[in-house]
2 protein chains.
Amino acid sequence: MKGFEKMKETFFGIDVGGTNIKFGCFDSDMELLCKRSIPTDAEMGAEAVIEKMADTIELLLSESELSLKDVCGVGLGTPGPADYKAGTIIHSTNMPKFKNVPIRQMLSERLGKPVVFENDANTACWGEFVCGAGKDVNDMVFFTLGTGIGGGIIVDGKMVHGCDGNGAELGHIIIYPGGRLCNCGQRGCVEAYASASWTAKRAAEAVEEGAESSLREVLKIKGEISCKDVYEHLEAGDVLAKKITDETAQALALVCVNMLHITEPKRIVFSGGMIAAGDVLLNRIKDYFDEYIWKLKEERTEICFATLGEDAGIAGAAALAKHFHQKSV
Amino acid sequence: MKGFEKMKETFFGIDVGGTNIKFGCFDSDMELLCKRSIPTDAEMGAEAVIEKMADTIELLLSESELSLKDVCGVGLGTPGPADYKAGTIIHSTNMPKFKNVPIRQMLSERLGKPVVFENDANTACWGEFVCGAGKDVNDMVFFTLGTGIGGGIIVDGKMVHGCDGNGAELGHIIIYPGGRLCNCGQRGCVEAYASASWTAKRAAEAVEEGAESSLREVLKIKGEISCKDVYEHLEAGDVLAKKITDETAQALALVCVNMLHITEPKRIVFSGGMIAAGDVLLNRIKDYFDEYIWKLKEERTEICFATLGEDAGIAGAAALAKHFHQKSV
């Protein structure tokens, strides 16, 4: 009765980071069937890493009593910039051995499955758009606040890729011309103020410059200050932590105002480790947004936090694979 | 032999400004058949103005030996913000009697034709995209440099409207937080530095503050300095005119960098009276863009001037009417 066997339509989402690679297997209703995280081991080189990725997919399938024939597509997210149209990682800051790697084709040939290749912030954005904080809107802007700041833009239900596939690099919007030198070479990028690591760095700088703060003790003991420290000391009433948080919120509110005047999203969604700070951060962003925004019309853009957490990347990558599968059948 | 008469498919584009209303009648190849400009006379009130618009269309048709039955659609551009989805001008700075005017419906009912209603910068953008400086690209950003700065964005061949129809208000991107107070109520908008009128105003301010410049004589004689004066004195070697032009170019380069990281256009097109300044302005914008842009990848975004001049608005409005006509048949 082979003809009557119902094929299980499943989609894999892969989120490649410098440290870990996350895998998620989803059914066609975007229910998560299983997930796994493995070390990237980027120093093994591209071929070995891609082989390990395929092995992990096969392992997860067998653990779920599924096989490759049940997989309709794979979505793959990596940090940018890359040549997403061509499917190639040109070079990668966190994975120096990945030079001119046609990763989409290599993985696709190894698995015998179509692979969708996308910027990792875009996959997380798509995840929140399809099944997270943006699932009921058509126009959304998305920020990940981590070591850097990544971004994604949805316009009228479609992802903005840009002419070369490197649009929505929202961390590199210049908000303070001539300001801090960003890792990208520009001055005054929002990333150089409001990412988790730069928020922490600004706090450490201020302490080193003599600011009074309970964070001084942290710096003395640990040799560094983390973003988490800043928010913990903020909650305990530290004045410097409040100032640092305000500056982060100001920077993020500025890009919210600018994005409103550019793609006019219905919702702006923040994600990444830093949103653990909670309402104290979100409310400051909203306050500054209300302060900075024009008075010509009342704006109804909502600013909120992401809801999928760490799974946004794998969910979005799998949802993209599903999206392209449905367009192709 | 009535059944064999070929219908002439024509489209009207209307560009409503505070001072004049421009009309253009185009055939289905977007060839301009005739055009006209009439005073807006906004103080007559909305009904009278709309009646006059319909009369002008009928007059132009009869002069071209055409009639309303040859018209497939009308495109209408007005300054924003407005409720473009609903087809209503809520209020207008330049036309104070236009309050809550359902202009799309009123004109459509008067003519018995479908009317497309759009922001005037968007119509001009669409004109340049369809038959001007952007006709060979899919991703474009457009700026009009006039009294204010308007904008339009094309992503993958489609216009960005935003959730409320007021996206692409690119003049109100904040480039210098806490900077000059813009007419919109925000501080530091690019419009408050780089529009034609603010460029002129900065020159006058500098002279009043004692800057040495051949523009001092202009201010003494005329009581004001125009943007045209700035560029004429720039050509004659005036140092202040060069400084003012540089600041305009810096502001515009900053929004180019930011738009590159947002929608990553293949081409950025500047239009409006100020582009009469020519290469001296364009080259400075390009220089600052190259100076400000990140070093992570080589960018191939082209920065250029518009090619349709004053006709971009009527051409774009008519092309939008054609676009929607083709989608509906």
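Select helix α7 of chain A, residues 227-235, in this predicted model. Its buried residues are A:Cys227, A:Asp229, A:Val230, A:Tyr231, A:His233 and A:Leu234. Now add the elements that cover these buried residues: they include α5 (196-208), α6 (215-222), α8 (239-262) and α9 (279-292) of chain A. Just after α7(A), pick A:Gly237, where phi is positive, about 95 degrees.

**Chain A as a whole**

Zoom out to chain A, which has 10 helices and 10 strands. Its radius of gyration is 21 Å, close to the 20 Å that the globule rule gives for 329 residues, so chain A is as compact as a globular protein of that length. The C-alpha trace of chain A spans about 75 × 50 × 35 Å along its principal axes.

Colour chain A by accessibility: of its 329 residues, 58% are buried. A surface drawn on chain A exposes about 13900 Å², and carbon and sulfur atoms supply 51% of that. For a contact map, take the contacts in chain A with a separation of 6 or more: 62% of them come from residues 24 or more positions apart.

**The sheet of chain A**

Next, show the strands β1 to β5 of chain A. They form an open sheet of 5 strands in the order β3-β2-β1-β4-β5, with mixed pairing. At the edges are β3 and β5 (115-119) of chain A, each of which pairs on one side only. From one strand to the next, the twist averages 15 degrees.

Start from the β3 edge. Strand β2 (residues 20-27) of chain A runs antiparallel to strand β3 (residues 32-39) of chain A, and 7 bridges join the two. To see one position in this pairing, select A:Phe23, which stands opposite A:Arg36 in β3(A). The hairpin of β2(A) and β3(A) has 4 residues between the strands, and A:Met30 takes a positive phi there, near 65 degrees.

Move to the β5 edge. Here strand β4 (residues 71-78) of chain A and β5(A) run parallel, joined by 5 bridges. In this pairing A:Gly77 stands opposite A:Glu118 in β5(A).

Two helices can be added at this point. Helix α2 (residues 103-111) of chain A packs on the sheet and touches β1 (10-16), β4 and β5 of chain A; its direction makes about 150 degrees with that of β5(A). Helix α3 (residues 120-131) of chain A lies across β1, β4 and β5 of chain A, and runs at about 105 degrees to β5(A).

**A residue in β4(A)**

Centre the view on A:Thr78, which lies in strand β4 of chain A. Is A:Thr78 buried or exposed? With 0% relative accessibility, A:Thr78 counts as buried, because the cut-off for that class is under 20%.

Which residues is A:Thr78 in contact with, leaving aside its neighbours within four places in sequence? They are A:Val16, A:Tyr84, A:Ile89, A:Phe117, A:Glu118, A:Asn119 and A:Asp120. Of these, A:Glu118 has appeared already as the residue opposite A:Gly77.

**The sheet of chain B**

Switch to chain B and show its strands. Chain B has an open sheet of 5 strands in the order β3-β2-β1-β4-β5, with mixed pairing. Strands β3 (32-39) and β5 (115-119) of chain B stand at the edges, each with a single partner strand, so one side of each is left without a neighbour in the sheet. The twist averages 15 degrees from one strand to the next.

Select strand β2 (residues 20-27) of chain B together with β3(B): the two run antiparallel and are joined by 7 bridges. Within this pairing, B:Asn20 has B:Pro39 in β3(B) as its bridge partner.

Add helix α3 (residues 120-131) of chain B, which packs on the sheet and touches β1 (10-16), β4 (71-78) and β5 of chain B. The direction of α3(B) makes about 105 degrees with that of β5(B). Then add helix α10 (residues 312-328) of chain B, which lies across β1, β2, β3, β4 and β5 of chain B and runs at about 135 degrees to β1(B).

**Both chains together**

Finally, display chains A and B. A rotation of 180 degrees, with 0.0 Å of shift along its axis, superposes chain A on chain B with an RMSD of 0.0 Å. That is the relation of a two-fold axis. Select the interface residues of chain A: 98% of them are also interface residues in chain B, so the copies meet through the same surface.

Note on methods: Residues are numbered from 1 along each chain as its sequence is written. Chains are lettered from A and ligands numbered from 1 in the order in which they are written. This is a predicted model: local features need pLDDT of at least 70, side-chain atom pairs count only at pLDDT 80 or more; totals for chains, interfaces and linings use all residues. Side-chain values use heavy atoms; hydrogens and water are left out. Copies are superposed by least squares on the C-alpha atoms of residues with pLDDT of at least 70 in both. Contact means heavy atoms within 4.5 Å. Two strands pair if DSSP finds at least two bridges between them. Axes are lines fitted to C-alpha atoms, for helices over the stretch in contact, and angles run from 0 to 180 degrees between N-to-C directions. The radius of gyration is taken over C-alpha atoms; the globule rule is 2.2 Å times the number of residues to the power 0.38. Buried means under 20% relative accessible area, exposed over 50%, partly exposed in between (1.4 Å probe, protein chains only). Accessible areas come from the Shrake-Rupley method with a 1.4 Å probe; for residues, only the protein chains shown count as cover.
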